[in-house]
Amino acid sequence: MASEQLPSTMKAFVLEQFGQPYQLREVPLPEIEHQDDILIRVEAGSYCHTDAVVAAGTMHPPSLPHIGCHEYAGTVVALPQGKSSIYGLIVGTQVAVSGRGYHVCEKCQECRNPSGPVPDEPGFSVYCPWTHGGLGVHGPGGFREYAVVDSKQVLPIPGSMTAVEVAPLMCAGLTIFAALKKCNLKPGQRVGFIGCGGGLGHLGLQFATKMGLKAVGVDSSPGALQFARDLGTGAYIVNAAETKAEDVRQQLGQEDKAEHISEMGLDAVLILTDSQQSFTYGVDLLRNGGLAIVVSFPPEGFQVSAADLVFRRIRLEGTLIGSNKAMKEMLEFCVEHGVKARVKTYSFLRLNQLVEAYHSGVSGKLVVDFQKND
Ligand SMILES: [Zn+2]
Ligand SMILES: [Zn+2]
């Protein structure tokens, strides 16, 4: 039931060939075909590393043509026939969309017992094997004027936040927030971000320091290091190209008045980059018994030192985006503590310029602002 006159067609940026720029096409408006679905007018769409991977055709290859973007935000313009509200959402509600689990089955082991650091009620699961995948990765996402999304994967945007502010939090923000929750650290404990100058890392430094943790950011390119320093979080920023992991541990150990190297270092480390070198550096920063959380997932995987697991009690876990509950907690945390993604915005028609900027290494999150006209 639409409250406004909707057009029959719309503009969409479509991936028609892997490795090629998106093509601007006039396509039919998507239709609501499922009882949980809602139609939104997209207002902001953020670009994620996974968009680049999908466009290159190297991971999760969707069927072509494909519409990317799995972190976006917009306003509800239509609900399923005969419904005036769904999960509290009505026409006019501004919602944030996370690209995870489109139409989870609600019946499988994962859906009946949702797992994760902030698990949802039964009926939702980040890990449902029967889901139709993530919108923007397996199905069509937010680089279009209107999108059909699952009402179970969205949340209302807090009044004080804009669509452009919220969109980059829907993959990057949620992933790093849930990963931090998984570390289960107490204020004063130490956490490291390997790849601190990227989209996830720069949000992680903000979340961690606002949680009262002692954050260490690690990166190796001068631009990424400067970007991380300029956030002003008070995190200790390390240039991995110049400083050995053991030296960092020694230095932290002195501050902590630790007497043996096994007690020196970080309590947890989040691996946000793809290289083996950075994975090893991250694990080498941990004190004995420390936890490494794997967030990135290079196709070739990581090599793990059995000796680290056996003799140093290093623990290893992975994490995948986050639940609706984690999403709600994260947005509330952002409002309370002023956590914001550093964004650079582009008009919708300049999406391919945004992609070029991404590949040239522009720092922060690059976001399409549908209100922008240039
Ligand atoms: Zn993503
Ligand atoms: Zn399921």
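The turns below deal with the zinc site and the aromatic pairs of a predicted model.

Visitor: Which protein atoms are the donors of the zinc ion (ligand 1)?
Guide: Along the chain the donors follow the spacing C-x21-H-x100-C. They lie 2.0 to 2.2 Å from the zinc ion. The protein donors are C48 (SG), H70 (NE2) and C171 (SG).

Visitor: How many residues apart in sequence are the parts that C48 and C171 tie together?
Guide: The zinc donors include C48 and C171. C48 lies in the loop between β3 (37–46) and α1 (49–56), and C171 in the loop between α3 (163–166) and α4 (172–183), so the parts tied together are 123 residues apart.

Visitor: Is C171 buried or exposed?
Guide: Buried means under 20% relative accessible area. The relative accessible area of C171 is 12%, so C171 is buried.

Visitor: What is the geometry of the pair Y47 and Y358?
Guide: The structure holds 10 aromatic pairs. In the pair of Y47 and Y358 the ring centres are 5.0 Å apart. Planes over 60 degrees apart count as edge-to-face. The planes here stand at 65°, so the pair is edge-to-face.

Visitor: What is the geometry of the pair F348 and F370?
Guide: Both F348 and F370 are buried. Their ring centres lie 4.6 Å apart. Planes under 30 degrees apart count as stacked. The planes of F348 and F370 are at 25°, so the pair is stacked.

Visitor: Which residue lies over the face of F124?
Guide: A charge sits over a ring if, among other conditions, NZ of Lys is within 6 Å of the ring centre. At 4.5 Å from the ring centre of F124 lies K152.

Methods: Residues numbered from 1 in each chain as written. Chains lettered and ligands numbered in written order. Predicted model: local features only at pLDDT ≥ 70, side-chain atom pairs only at ≥ 80, totals over all residues. Heavy atoms only, no water. Donors = N, O, S within 2.8 Å, 3.2 Å for Na, K, Ca; no water. Helix = DSSP H or I, 4+ residues; strand = E, 2+ residues; numbered from the N terminus. Buried < 20%, exposed > 50% of the residue type's maximum accessible area, 1.4 Å probe, protein only. Phe/Tyr/Trp six-rings, centres within 6.5 Å; stacked < 30°, edge-to-face > 60°. Lys NZ or Arg CZ within 6 Å of the ring centre and 35° of its normal.
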